Amino acid sequence: MTYVYDDYVFHYVVENSICYLCMSDEKNKHRLPYAFLQDMKDLFLAKFGLEPAQRAIAFSFNEDFSPVIQQRMEYYNSGGAMDNIDSLKTQIDDVKEGMVQNIEKVLERGEKIELLVDKTDRLNQQAFRFEASSRGLRKHLYWRRMRNIAICSTFGLLIVFILVAEGCGGFDFNRCRRH
């Protein structure tokens with residue numbers, strides 16, 4: 001049981017008509033005082049037994065048991081008896097801190113990935129524009145080449161026509177015609 005008076009908390013266990021009592025100033029912790037009381041009960045019964053303890057008068061075992069109480073109080077107050085739940089809380093806090101750091105790294109990585117995605121989209125758009133402009137340039141160069149071929153062919157035909165016409169006596173082709 002637990003009893004609160006001002007800033008102090010009294011924890012006690014009564015078993016076989018023997019009362020084990022301790023006082024603490026931490027209102028939120030009950031496991032540690034009860035672990036201390038269980039330890040005291042076990043050590044007391046191991047050292048003196050149940051029957052002599054029940055027949056003894058108050059404070060008769062004080063001289064023999066006070067060094068044990070002092071040693072166990074130092075042990076429990078120094079954190080040596082940190083119970084499993086406190087240990088688990090510490091581990092959970094460590095894991096939580098690690099998870100927070102990992103999430104921060106993932107978020108940073110996510111921002112970097114978003115930048116890469118944006119750059120990739122821009123590059124993809126530039127590639128489409130380049131493809132379209134290169135297609136237009138190819139068509140332009142094709143028609144330019146065709147125009148040059150047509151001009152050269154026309155010019156070549158004109159030269160052939162002029163040479164043939166001169167060889168046949170002029171543009172009326174008098175010599176080449178058969179009468």
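User: Why is Lys41 called buried?
Analyst: This is a predicted model, and in it Lys41 has a relative accessibility of 8%. Buried means under 20%, so Lys41 makes the cut with its 8%.

User: Okay, and what makes Lys41 and Glu15 a salt bridge?
Analyst: Their side chains meet at 3.0 Å, N to O. The cut-off is a Lys or Arg side-chain nitrogen within 4 Å of a carboxyl oxygen of Asp or Glu, so a Lys–Glu pair at 3.0 Å qualifies. As for where they sit, Lys41 is in helix α1 (residues 31–48) and Glu15 in strand β2 (residues 8–15), so the pair ties together parts 26 residues apart in sequence.

User: Is Glu15 buried, exposed or partly exposed, and how do you know?
Analyst: Glu15 comes out at 33% relative accessible area. Exposed needs over 50% and buried needs under 20%, so 33% puts Glu15 in between, as partly exposed.

User: How do you know that Arg72 and Asp39 form a salt bridge?
Analyst: Take their closest N and O atoms: they are 2.6 Å apart. The limit is within 4 Å, so the Arg72–Asp39 pair counts. This one also links distant parts of the chain, with Arg72 in helix α3 (residues 62–77) and Asp39 in helix α1, 33 residues apart.

User: Why are Arg72 and Asp39 called buried?
Analyst: Arg72 has a relative accessible area of 16%, and Asp39 has 16% too. Buried means under 20%, so the label fits Arg72 and it fits Asp39.

User: How many salt bridges are there in the whole structure?
Analyst: A search of the whole structure turns up 3. One of them pairs Arg135 with Glu131, the closest N and O atoms being 3.3 Å apart, and that passes because the cut-off is within 4 Å. Both residues belong to helix α4 (residues 84–167), where they are 4 residues apart, about one turn of the helix.

User: What makes Arg135 and Glu131 partly exposed?
Analyst: Arg135 is at 40% relative accessibility and Glu131 at 39%. Buried stops at under 20% and exposed starts at over 50%, so Arg135 falls in between, and so does Glu131.

User: How about Pro33: why does that one count as buried?
Analyst: Its relative accessibility is 10%, and the cut-off is under 20%, so Pro33 is in. Pro33 lies in helix α1. Leaving aside neighbours within four places in sequence, Pro33 is in contact with His11, Cys22 and Ser24. The C-alpha atoms of Pro33 and Asn77 are separated by 10.0 Å, with their positions 44 residues apart along the chain.

User: Zooming out, what pattern does the protein chain follow along the sequence?
Analyst: Reading along, you get β-β-β-α-α-α-α, which comes to 4 helices and 3 strands.

User: And how do you know whether the chain is a compact globule or more spread out?
Analyst: Compare the radius of gyration with the globule rule: the chain has 52 Å, well over the 16 Å the rule gives for 179 residues, so it is more spread out than a compact globule. Along its principal axes the C-alpha trace spans about 165 × 35 × 25 Å. Buried residues make up 13% of the 179 residues.

Technical notes. Residues are numbered from 1 along each chain as its sequence is written. This is a predicted model: local features need pLDDT of at least 70, side-chain atom pairs count only at pLDDT 80 or more; totals for chains, interfaces and linings use all residues. Side-chain values use heavy atoms; hydrogens and water are left out. Helices (H or I, at least four residues) and strands (E, at least two) are DSSP runs, numbered from the N terminus. Buried means under 20% relative accessible area, exposed over 50%, partly exposed in between (1.4 Å probe, protein chains only). The radius of gyration is taken over C-alpha atoms; the globule rule is 2.2 Å times the number of residues to the power 0.38. Contact means heavy atoms within 4.5 Å.
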